[in-house]
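Ready for some practice in reading a protein fold? Grab a pencil, look at the picture, and try each exercise before you read its solution.

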Amino acid sequence: MSSAPGGPRPPRRRDRHGRGMRGPLAPSHVPIAKSRSERFDDFVLDAVDRLKPRWGKQLSAVEFAVEEVPPISHLGDGPGLLTGEPIPFGRAEPAVGKRPAVVIIYRRPLEARARDRDQLGAMVHDAVVEQVAGLLGLSPETVDPGYDERD
């Protein structure tokens, strides 16, 4: 069933075996349907929500963001190889002019260090607490009294 050389080709069919188009493996409202980056975003939002009852007024003008990895300018000469500095889990930038303060959490370094989903959630929370503490000029223990009680 080939067309003549130089003639038009028949359109390719995506449904080659007559079984229908592939769809999602799970409904969109169940946790398994979320990507790793979406689950990570949820961890960051949960950490911020846990801080809001106590620090809501101070955090109302702070934007929270997730980036895959730290920019090369934040790593120094090779990521921790020559300087002995660990790869950062996040950074905080104070408000400047009309730009609001920003807390940025790095997804890949945290995922690489976590053993499982529970530990990742705890590490994300700690990273958010540390960055908020730095932004507010406080200790992490002041921002979250349970900070020093975790592993």
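The exercises below go from the whole chain to single residues, and the model they use is a predicted one.

**Exercise 1. The overall layout**

Task: Find how many helices and strands the chain has, and in which order the elements run.

Solution:
- Step 1. Start by counting: the chain holds four helices and three strands.
- Step 2. Now walk from the N terminus, and you meet the elements in the order α-β-β-β-α-α-α.
- Step 3. Next, look at burial: of the 151 residues in the chain, 27% are buried.
- Step 4. Finally, take the contacts with a separation of 6 or more: 55% of them link residues 24 or more positions apart.

**Exercise 2. The nonpolar core**

Task: In the largest nonpolar core, work out which residues touch the most other members.

Solution:
- Step 1. The largest nonpolar core has 24 residues, and I105, L110, V124 and V128 are the ones that touch the most other members.
- Step 2. Ask where the core residues come from: α1 (36–59), β3 (101–106) and α3 (117–136) each supply at least two of them.
- Step 3. Zoom in on L110, leaving out residues up to four places away in sequence: L110 touches F40, F89, I105, L120, M123, V124 and A127.
- Step 4. Here is a general idea to keep in mind: in soluble globular proteins, nonpolar side chains tend to be buried together.

**Exercise 3. Two helices that pack**

Task: Describe how α1 and α3 pack, giving the angle and how far apart their axes are.

Solution:
- Step 1. The helices α1 and α3 pack at an angle of about 40 degrees, and their axes are 9 Å apart.
- Step 2. Because of that angle, α1 is oblique to α3.
- Step 3. As for handedness, the crossing of α1 and α3 is right-handed.
- Step 4. On the α1 side, the residues making the contact include F40, F43, V44, V48, L51 and W55. On the α3 side, L120, V124, V128, V129 and V132 are among them.
- Step 5. Sort the residues of this contact by type, and you get 14 nonpolar, three polar and three charged.

**Exercise 4. Two residues of α1**

Task: Decide whether L51 and V48 are buried or exposed, and find what they touch.

Solution:
- Step 1. L51 lies in helix α1. Its relative accessible area is 3%, so L51 is buried, given that buried means under 20%.
- Step 2. Leave aside neighbours within four places in sequence: L51 is then in contact with G56, L59, H125, V128, V129, V132, V143 and D144.
- Step 3. Pick V129 from that list and compare chain with space: L51 and V129 are 78 residues apart along the chain, yet their C-alpha atoms are separated by 8.1 Å.
- Step 4. V48 is also found in helix α1. At 7% relative accessibility, V48 counts as buried too.
- Step 5. Beyond its neighbours within four places in sequence, V48 is in contact with F64 and V128. The C-alpha atoms of V48 and F64 are separated by 8.4 Å, with their positions 16 residues apart along the chain.

**Exercise 5. Two aspartates**

Task: Locate D126 and D144, and say whether they are buried or exposed.

Solution:
- Step 1. D126 has its place in helix α3, while D144 lies in the segment after α4 (140–143).
- Step 2. D126 has a relative accessibility of 14%, so D126 counts as buried.
- Step 3. D144 is buried as well, with a relative accessible area of 14%.
- Step 4. Check the spacing of D126 and F89: they are 37 residues apart in sequence and 9.6 Å apart in space, C-alpha to C-alpha.
- Step 5. For D144 and V132, twelve residues apart along the chain, the C-alpha atoms are separated by 10.0 Å.

Note on methods:
Residues numbered from 1 in each chain as written. Predicted model: local features only at pLDDT ≥ 70, side-chain atom pairs only at ≥ 80, totals over all residues. Heavy atoms only, no water. Core = buried A, V, L, I, M, F, W, Y, C linked by side-chain atoms within 4.5 Å. Buried < 20%, exposed > 50% of the residue type's maximum accessible area, 1.4 Å probe, protein only. Contact = heavy atoms within 4.5 Å. Axes fitted to C-alpha atoms, helices over the stretch in contact; angles between N-to-C directions. Parallel < 35°, antiparallel > 145°, perpendicular 65-115°, else oblique. Left-handed = near helix turned anticlockwise from the far one by under 90°. Nonpolar A, V, L, I, M, F, W, Y, C, P; charged D, E, K, R; others polar.
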